[in-house]
Amino acid sequence: MKNFDRYPLIDLSELNRCVLCAEPPCSAVCPRGIEAGDALRSLYFSNGMGSFEKIRRLSCEGCDAPCEKACVLNAKSYPVRIKWILDSLRGGVRELYPEVEEMAEPDLSTEVCGVPLENPFLLSSSVVASSYEMCAKAFRAGWAGASYKTICNFPQHEASPRFSSISNHSNSFCGFKNIEQLSDHSVEENMEVFRQLKRDFPTKVIIASIMGQNEIEWTDIAAKCQEAGADLIECNFSCPNMENRKLGSTIGQDPLLVERFTAAVRRGTTLPILVKPTPNVSDMVPIAIAAKKGGADGISAINTIYSITGIDIKSFVAEPQVHGRSIVGGYSGQAVKPIALRFISDLSRCPDLKGMSLSGMGGIESWVDALEFLALGASSLQVTTAVMQYGYRIIDDLLSGLKYYMKAMGFGSISSLVGISKDTVVEHDELERDTVLLPHFKLEQCIGCGRCHIACYDGGHQAIEFDADSRKPRLIGSKCVGCHLCRLVCPSKAIGVAPKRISRR
């Protein structure tokens, strides 16, 4: 097919009202056996093809929609228009699905530092990978492996509460702050977890995230992790929440310390080493080069970013409040993805890091997010915040969505995607600046809201007039500079791009 304009990234604002229930009652009451909850969840995560796969043999025609009567939102407001959403999905995908389904199955396997992965998706080192039970549940769901919550030799003293968030209009958090520390289990307890996981899930990859207080501890813990069955070591040089200020992100800001402690880990293991530097620097490349000099085989990026998510305007205490006080913590979630992509781009384009494996993380929620990290050079991907919000079940749509996209676009393997976009990022003086690309109004899609006019007049170049009678916009070409703010604010996607560039000269 290789025509992404036909691929279903369906935009259904009504879908944002769905709360993605556990054991969705809409599915339980469907008289025709439609797993509506699963279909809605797939669609929520931009997996239109996977959503259609769940409902394509079944019809809602003539049904009085008991799914909507069972919707949990009935208790407080009004139900999600489930039948309408599913009917819209059928209308948008029905003809395309058979064409894509018949295409060759892509190979989703990849690697991290030469260690094979059945697919790119790993749990990142955090609470979501902090016990045997949690990792086992994730592995059964389809995750390829896990970077286990950071192992250390010193006691942890956690605060309560320790999370805060910034939410969007549908009350899903787009930004998430934590002040959580490292594993509160002993090294030996965690080693037993590794042994049990390798016995029960021999094909899954275990990355041992570790932190020491000195070179001896870094070396010793690495050796113990290898003996217990870990497949890789990940050096946590980036935790922002350490009580001891000489650990975590303090190390990750100093190339000399990064090289020194990476070398200490190398003395303790023959396993591949990932280094996880802090993103709380202006440039991660010197840190990564130091890690390579110390013996690292790859870089994990990015960990969380120093943050304060907000202030409680009643108590005037920063969030999360712990007995009337708070601290700067680590920020993650969709809000940090642009920063994460920037660091991955910097690392993948650096010639001194050629051959280093990149494991990308920071705001991955859907297969589209995953694809962006792969395209900029990551060969494996790590996820935490989305799992904390939606559960391990998101792996279904990460895999299915990526698979259908690859089939539709003719990509046979993950390796054919890795780094495909990295050369499109250039320096400022390499960018073409001599032509203007004007917006193009699709008046048949325009709903007449006038948002483009408001944005252009108050935040642009006063290049869009708005007729209050016809409720249609008109471009003033002589004033338009081609910034495309109008296109970004349009709620109905009724503004496209003109096919021809206009010279400034």
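In which helix is the place of Tyr404? The exercises below use a predicted model.

**Exercise 1. Place Tyr404 and say whether the residue is buried or exposed.**

Step 1. Find the element: Tyr404 lies in helix H16, which covers residues 395-409.

Step 2. Apply the cut-off for buried residues, under 20% relative accessible area. Tyr404 has a relative accessibility of 0%, so Tyr404 counts as buried.

Step 3. Look along the chain and through space. Tyr404 and Pro106 are 298 residues apart along the chain, and their C-alpha atoms are separated by 8.6 Å.

**Exercise 2. Do the same for Thr250 in helix H10.**

Step 1. Helix H10 runs over residues 249-252 and holds Thr250.

Step 2. The relative accessible area of Thr250 is 34%, so Thr250 is partly exposed. This class lies between the cut-offs of 20% and 50%.

Step 3. Thr250 and Glu14 are 236 residues apart along the chain; the distance between their C-alpha atoms is 45 Å.

**Exercise 3. Check the length of helix H8, then work out which side of H8 is buried.**

Step 1. Helix H8 has 14 residues, 187-200, and at 1.5 Å a residue it should span 20 Å. The C-alpha atoms at its ends are 20 Å apart, so the two values agree.

Step 2. List the buried residues of H8: Val187, Asn190, Met191, Val193, Phe194, Leu197 and Lys198.

Step 3. These buried residues cover an arc of only 155° around the axis, and therefore sit on the same side of H8.

Step 4. Name what covers the buried residues of H8. Among the elements that do so are helix H7 (132-141), strand E4 (145-151), strand E7 (205-210) and helix H9 (215-228).

Step 5. Take one residue from the list. Asn190 belongs to helix H8, and its relative accessible area of 0% makes Asn190 buried. Apart from neighbours within four places in sequence, Asn190 is in contact with Tyr148, Ile151, Ser183 and His185.

**Exercise 4. Describe helix H13 and how it packs with helix H14.**

Step 1. The 13 residues of H13 should span 18 Å at 1.5 Å a residue, and the end C-alpha atoms are 18 Å apart, which agrees.

Step 2. The buried residues of H13 are Lys337, Ala340, Leu341, Phe343, Ile344, Ser345, Asp346, Leu347 and Ser348. They pack against helix H12 (285-294), strand E10 (298-301), strand E13 (357-361) and H14.

Step 3. H13 (residues 337-349) packs with H14 (residues 367-375) at an angle of about 25°, and the axes are 9 Å apart. That angle makes H13 roughly parallel to H14, because angles under 35 degrees count as roughly parallel.

Step 4. On the H13 side, Lys337, Ala340, Leu341 and Ile344 meet Asp369, Glu372 and Phe373 of H14. Sorted by class, this contact of H13 with H14 has four nonpolar, no polar and three charged residues.

**Exercise 5. Find how helix H3 is oriented against helix H5, and which residues make the contact.**

Step 1. H3 (residues 48-55) and H5 (residues 82-93) pack at an angle of about 110°, with axes 10 Å apart.

Step 2. That makes H3 roughly perpendicular to H5, because this class takes angles from 65 to 115 degrees.

Step 3. H3 contributes Gly48, Met49, Ser51, Phe52 and Ile55 to the contact, and H5 contributes Leu86, Leu89, Arg90 and Val93.

Step 4. By class, the contact of H3 with H5 contains six nonpolar, two polar and one charged residues.

Notes: Residues numbered from 1 in each chain as written. Predicted model: local features only at pLDDT ≥ 70, side-chain atom pairs only at ≥ 80, totals over all residues. Heavy atoms only, no water. Helix = DSSP H or I, 4+ residues; strand = E, 2+ residues; numbered from the N terminus. Expected span 1.5 Å × (residues − 1). Buried < 20%, exposed > 50% of the residue type's maximum accessible area, 1.4 Å probe, protein only. Arc of directions from axis to C-beta. Contact = heavy atoms within 4.5 Å. Axes fitted to C-alpha atoms, helices over the stretch in contact; angles between N-to-C directions. Parallel < 35°, antiparallel > 145°, perpendicular 65-115°, else oblique. Nonpolar A, V, L, I, M, F, W, Y, C, P; charged D, E, K, R; others polar.
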